[in-house]
Amino acid sequence: MLHVDHQRWGQTVADLRHLALSAAHPRSRERFLALHEIAAGSCATAVAERTGRRAQTVMDWLHACNEHGPEALTYQRTGGRPPFARILPPRWASRFAPRNTKRPVRPSPVPR
C-alpha cells in the first residue's frame with residue numbers, strides 16, 4: 001500500500017491539511033487534500049473515485065510529493081492563452097475609431 005512520506009519533508013498530516021486549505025490555486029488544493037486523505041489512512045483508489053480523478057493520477061501526485069516534496073504539487077501554468085486575456089479588435093477595425101462606441105446592429109431581413 002502506498003503512503004505519504006511527509007516526515008521526510010518535516011511535515012505532519014495536519015500540515016498537509018493546512019496546505020490543502022491555504023493553497024492559492026484550486027488544483028493545488030485538490031492535490032494536497034488528496035494527499036491528506038491518503039496520509040490519514042484512506043486508499044489512493046478510493047480518493048480517486050471520490051474526486052473524480054483516475055487512480056493513476058492520484059498515485060502520480062503521491063510519488064511526486066514523496067520524491068520532490070510538496071512543492072512538486074503546486075500548480076504552475078505551463079502555457080496557452082492567459083486566463084481572462086483581453087481580446088484584441090479585429091484587424092479590419094479602424095485604429096482611429098473611438099474605443100467606446102458600439103458597432104451598429106443591422107436589422108434582420110423581413111421574411112416574405
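Begin by selecting threonine 57, which is partly exposed, with a relative accessible area of 21%; here buried means under 20% relative accessible area, exposed means over 50%, and partly exposed covers what lies in between, all with a 1.4 Å probe and counting protein chains only. Threonine 57 lies in helix α4, where helices are DSSP runs of H or I with at least four residues, strands are runs of E with at least two, and both are numbered from the N terminus. If you now add threonine 45 to the selection, you will find its C-alpha atom 9.8 Å from that of threonine 57, although the two are 12 residues apart along the chain.

Before going further, keep in mind that this is a predicted model, in which local features need pLDDT of at least 70 and side-chain atom pairs count only at pLDDT 80 or more, while totals for chains, interfaces and linings use all residues. Residues are numbered from 1 along each chain as its sequence is written, and side-chain values use heavy atoms, with hydrogens and water left out.

**The whole chain**

Show the whole chain as a cartoon, and you can follow 4 helices and 0 strands, which run α-α-α-α from the N terminus on. Colour the chain by pLDDT, the predictor's confidence in each residue on a scale from 0 to 100; the mean for the chain is 78, and 73% of its residues reach 70 or more. Confidence is lowest in α1, at a mean of 81, and highest in α3, at 90. Where pLDDT is low, the predicted coordinates should not be read in detail.

With the surface switched on, the chain exposes about 9,200 Å², of which carbon and sulfur atoms supply 55%; such areas come from the Shrake-Rupley method with a 1.4 Å probe, and for residues only the protein chains shown count as cover. Buried residues make up 22% of the 112 residues in the chain. A contact means heavy atoms within 4.5 Å, and among contacts between residues at least 6 apart in sequence, 49% join residues at least 24 apart.

**The nonpolar core**

Next, select Val4, Leu35, Ile38, Val58 and Leu73, which touch the most other members of the largest nonpolar core, a group of 16 residues. A nonpolar core is a set of buried Ala, Val, Leu, Ile, Met, Phe, Trp, Tyr and Cys residues joined through side-chain atoms within 4.5 Å. The elements that give two or more residues to this core are α1 (13-22), α2 (26-39), α3 (44-51) and α4 (55-68).

Zoom in on valine 4, which touches Leu16, Leu35, Ile38, Ala39, Leu62 and Asn66 when residues up to four places away in sequence are not counted. One of these, alanine 39, is found in helix α2 and is partly exposed, with a relative accessible area of 25%. From alanine 39, measure across to threonine 12, which is 27 residues away along the chain, with 9.0 Å between the C-alpha atoms.

**The salt bridges**

Side chains of opposite charge can pair when their charged atoms come close. The structure holds 2 salt bridges, each being a side-chain nitrogen of Lys or Arg within 4 Å of a carboxyl oxygen of Asp or Glu.

For one of them, display the side chains of arginine 53 and glutamate 30, which meet at 2.9 Å, N to O. Arginine 53 lies in the loop between α3 and α4 and glutamate 30 in helix α2, so the pair ties together parts that are 23 residues apart in sequence. Arginine 53 counts as partly exposed at 38% relative accessibility, and glutamate 30 counts as partly exposed at 22%.

Then display arginine 50 and glutamate 37, whose closest N and O atoms are 2.6 Å apart in a salt bridge. This pair links distant parts of the chain, with arginine 50 in helix α3 and glutamate 37 in helix α2, 13 residues apart. Arginine 50 counts as exposed at 54% relative accessibility, whereas glutamate 37 counts as partly exposed at 23%.

**Last stops**

Select cysteine 65, which is buried, with a relative accessible area of 3%, and then cysteine 43, which counts as partly exposed at 37%. A search of the whole structure finds 0 disulfides, a disulfide being a pair of cysteine sulfur atoms within 2.5 Å.

Finish at glutamine 76, in the segment after α4, which is exposed, with a relative accessible area of 59%. Its C-alpha atom is separated by 9.1 Å from that of serine 28, 48 residues apart along the chain.
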